[in-house]
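Trainee: Can we go through this one together? I'd like to start with the surface and then look inside.
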Amino acid sequence: QQDGCEEASLIMAKYWRTGDWLNKDLALKEILAAAAWEKENMGGDPSLSVKDTVELAEKYFGLTGLTTDNAPTIEKMKFSLAAGQIVIVPVNGQVLGNPHFTAPGPPEHMLVIIGYDDTTQEFITNDPGTRSGKSYRYSYKVLFEAIREYPTGHRELIEEISKAIIIVPKK
């Protein structure tokens, strides 16, 4: 599901919250069902902005209590993670330099930050863009520089480079 990273990130958040087990087959079913709902209710664009990702989270997945931060910093993201939350980030995947992506990488991508390691200066992520994405690590600097809000659509013109993240509490 090449364009299912927003849905996959929300599915990971949902299963993280419930503590239920998620496998590849169940994730595919969930992504397809979410995409069908999106098409019916939101127009079905392959890439969703942070605002529209939160709308999908609330209206389809029933994930409540999510907040957004339009001025994130590495320290604020680490603070959220230390508080037991996860962070969903939109990125320019081409900036990440992940060797497991099909080159040059996705220009519009979303992933989940599940932790951090100050010793190595890395964020620990679950990255749905590759089969090697579980607990994949990106340096603080590389991941933060890759964060980029993008508009809903498919490779729409990005007129202004801005950062935004979604913070998901455990509840």
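Trainee: How much area does the chain expose, and what share do carbon and sulfur atoms supply?
Mentor: About 8900 Å², with 51% of it from carbon and sulfur atoms; accessible areas come from the Shrake-Rupley method with a 1.4 Å probe. Keep in mind that this is a predicted model, where local features need pLDDT of at least 70, side-chain atom pairs count only at pLDDT 80 or more, and totals for chains, interfaces and linings use all residues. Residues are numbered from 1 along each chain as its sequence is written, and side-chain values use heavy atoms, leaving out hydrogens and water.
Trainee: What percentage of the residues count as buried?
Mentor: 47% of the 171 residues, buried being under 20% relative accessible area.
Trainee: Which residues touch the most other members in the largest nonpolar core?
Mentor: Leu 10, Phe 61, Leu 63, Ile 88, Ile 166 and Val 168, out of 26 residues. Such a core is a set of buried Ala, Val, Leu, Ile, Met, Phe, Trp, Tyr and Cys residues joined through side-chain atoms within 4.5 Å.
Trainee: Which element gives the largest share?
Mentor: H1, with 7 residues; helices are DSSP runs of H or I, at least four residues, and strands are runs of E, at least two.
Trainee: What does Leu 63 contact, leaving aside neighbours within four places in sequence?
Mentor: Leu 10, Ala 13, Lys 14, Arg 17, Ala 57 and Glu 58, contact meaning heavy atoms within 4.5 Å.
Trainee: New topic: how many helices and strands?
Mentor: 6 helices and 6 strands, running α-α-α-β-α-β-α-β-β-β-α-β from the N terminus.

Methods:
Buried < 20%, exposed > 50% of the residue type's maximum accessible area, 1.4 Å probe, protein only.
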